[in-house]
Amino acid sequence: MSEQAAQSDKHKYEFKKVIEELQDYRGSGTQLVTIYVPPDKQLSDVAAHVTQEHSEASNIKSKETRTNVQDALKSIKDRLKYYKEPPENGMVLFSGAVDTGGGRTDMVTKVLESPPQSIQSFRYHCDAEFLTEPLADMLEDKGLFGLVVLDRREANVGWLRGKRVEPVKSASSLVPGKQRKGGQSAQRFARLRLEAIDNFYQEVAGMANDLFVPERHEMDGVLVGGPSPTKDEFLDGDYLHHELGDMVLGKFDVAYTDESGLYDLVDAAEEVLAEHEVLQDKQTMEEFFKELHDGDLATYGFEPTRENLVMGAVERLLISEDLREDVVTYECPNGHEEREIVDSGAPTPDHDCSRCGEPVDADEGEREDVIDHLIDIAEQRGTETVFVSSDFEKGEQLMTAFGGVAGLLRYSTGV
């Protein structure tokens with residue numbers, strides 16, 4: 001995995017944490033405000049919209065809800081003053097009075113900058129919950145695939161970004177039908193028809209090459225669809241750029257070759273896409289299990305993996321995407337440092353030093369997200385971090401059997 005991909009995974013994880021936190025918030029009424037701002041939106045227009053909503057909120061009958069909505073809008077408007085323009089990919093603003101129990105509320109305002117994908121349109125939302133589904137959908141999106149559907153009449157080329165199909169280019173052919181016109185010999189007609197087919201295949205390949213080649217290092221594969229024998233002729237004729245030809249994951253029977261055919265192609269390739277999505281994770285976990293059973297270059301569990309990380313012995317740090325725990329670091333009066341793992345939502349416990357028995361109060365412990373704690377060490381030691389999906393058996397075992405943390409070592413340490 002490249003450094004850029006590792007940073008992208010970390011960025012997504014940090015977003016996922018914030019989204020999960022936002023999803024837990026509830027308002028006593030429709031008083032939690034969410035605003036999605038695309039990157040090309042003028043912030044002066046956003047501020048004007050917020051001002052208008054603030055004015056209209058004065059018509060809300062409930063005094064408590066009215067006050068909370070207006071306070072939320074004021075907080076959002078104050079936050080907007082810190083920006084001259086939206087960040088790359090846009091931004092999402094959340095603000096509102098959330099229930100904290102016992103009839104009490106707490107005003108929360110958060111700004112999420114540059115989500116994993118660009119925000120497509122401006123959206124204002126006021127409800128008892130923050131609107132997080134569009135962001136959650138972005139985090140579920142994995143992979144970039146080139147799509148080509150064609151027959152001898154037309155072709156369409158586009159992208160599959162995660163779960164979103166994006167049609168981009170289309171072409172219509174001048175290939176004559178199978179019936180020749182009067183006055184033409186069968187041999188001449190067949191030759192002209194084959195030339196027309198060849199020219200059309202070259203045109204389709206040109207569209208695909210122009211679109212895909214610049215992105216080939218970011219792509220996960222190419223899918224080709226259409227009726228037989230068209231798609232077979234196209235691929236067997238090596239019309240695609242040779243690097244794209246090597247990236248073709250499969251060819252699939254698709255009845256339609258207009259834009260709807262791109263969606264049919266994705267449906268037809270569902271099994272291939274599902275397998276490819278977790279392929280790298282599977283390979284990593286298979287390597288881990290091989291070392292665990294037959295070698296000595298595997299480590300697992302928080303403390304052993306951390307110790308190996310500190311020594312610089314971990315080549316790849318494996319973290320389950322489902323890991324949601326904190327680490328609390330305690331230092332007793334005698335200078336002994338120890339750590340304890342707690343669930344993210346659990347209170348910080350008191351601690352008794354295992355070496356000397358001295359107690360340490362909870363408020364003296366330094367608490368941190370486990371993943372952040374380990375990644376900080378990994379980055380200092382030049383260790384690659386791999387987030388592993390739980391959507392397959394060995395990925396699930398990383399979480400259930402090994403505490404969500406493991407590592408592949410550069411050399412054996414005996415730890």
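A polar contact here is a pair of N or O atoms within 3.5 Å, and within protein one of them must be able to donate a hydrogen and the other to accept it. Keep that in mind for arginine 316. One caution before we start: this is a predicted model.

So, arginine 316. This residue is in strand S11, residues 314-320. Its side chain makes a polar contact of 2.7 Å with the side chain of glutamate 287. Is arginine 316 buried or exposed? Its relative accessible area is 15%. The cut-off for buried is under 20%, so arginine 316 counts as buried. Now its surroundings. Set aside the neighbours within four places in sequence. Arginine 316 then contacts Thr284 and Glu287. Thr383, Glu384 and Val386 are also in contact with it. Ala406, Gly407 and Leu408 complete the list.

Next, the four-stranded sheet. The order is S3-S2-S1-S4, the sheet is open, and the pairing is antiparallel. S3, 104-113, and S4, 123-127, are the edge strands, each pairing on one side only. On average, neighbouring strands are turned by 15 degrees against each other, direction ignored. Take one pair from this sheet. S1, residues 32-37, pairs with S4 over five bridges, in the antiparallel sense. Within that pair, threonine 34 stands opposite histidine 125 of S4.

Which strands does H2 touch when it packs on this sheet? They are S1, S2 (91-101) and S4. The direction of H2 makes about 160 degrees with that of S1. H3 lies across S1, S2, S3 and S4. Its run is at about 140 degrees to S2.

How do the two helices meet each other? H2 covers residues 43-56 and H3 covers 63-80. Their axes come within 9 Å and cross at roughly 165 degrees. Over 145 degrees counts as roughly antiparallel, so that is the relation between H2 and H3. The crossing is left-handed. On the H2 side, the residues that meet H3 are Leu43, Val46, Ala47, Val50, Thr51, Glu53 and His54. On the H3 side, they are Gln70, Leu73, Lys74, Ile76, Lys77 and Leu80.

On to the three-stranded sheet. Its order is S13-S12-S16, again open and with antiparallel pairing. S13 (337-343) and S16 (366-369) are the edge strands, and each pairs on one side only. The twist averages 25 degrees from one strand to the next. How many bridges join S12 to S13? Seven, with S12 spanning residues 325-331 and the two strands running antiparallel. Tyrosine 330 stands opposite glutamate 338 in S13. A helix covers this sheet too. H12, residues 370-380, lies across S12, S13 and S16. H12 runs at about 85 degrees to S16.

Last stop: aspartate 352. This residue lies in strand S14, residues 351-352. Its relative accessible area is 53%. Exposed means over 50%, so aspartate 352 qualifies as exposed. Which residues does it contact, once neighbours within four places in sequence are left aside? Glu338, Glu358 and Pro359. Glutamate 338 we have met already, opposite tyrosine 330. Aspartate 352 and tyrosine 330 are 22 residues apart in sequence. In space, C-alpha to C-alpha, they are 9.2 Å apart.

To recap the two residues: arginine 316 is buried, and aspartate 352 is exposed. For the two sheets, the orders to remember are S3-S2-S1-S4 and S13-S12-S16.

Definitions and conventions
Residues numbered from 1 in each chain as written. Predicted model: local features only at pLDDT ≥ 70, side-chain atom pairs only at ≥ 80, totals over all residues. Heavy atoms only, no water. Pairing = 2+ DSSP bridges. Axes fitted to C-alpha atoms, helices over the stretch in contact; angles between N-to-C directions. Contact = heavy atoms within 4.5 Å. Buried < 20%, exposed > 50% of the residue type's maximum accessible area, 1.4 Å probe, protein only. Parallel < 35°, antiparallel > 145°, perpendicular 65-115°, else oblique. Left-handed = near helix turned anticlockwise from the far one by under 90°.
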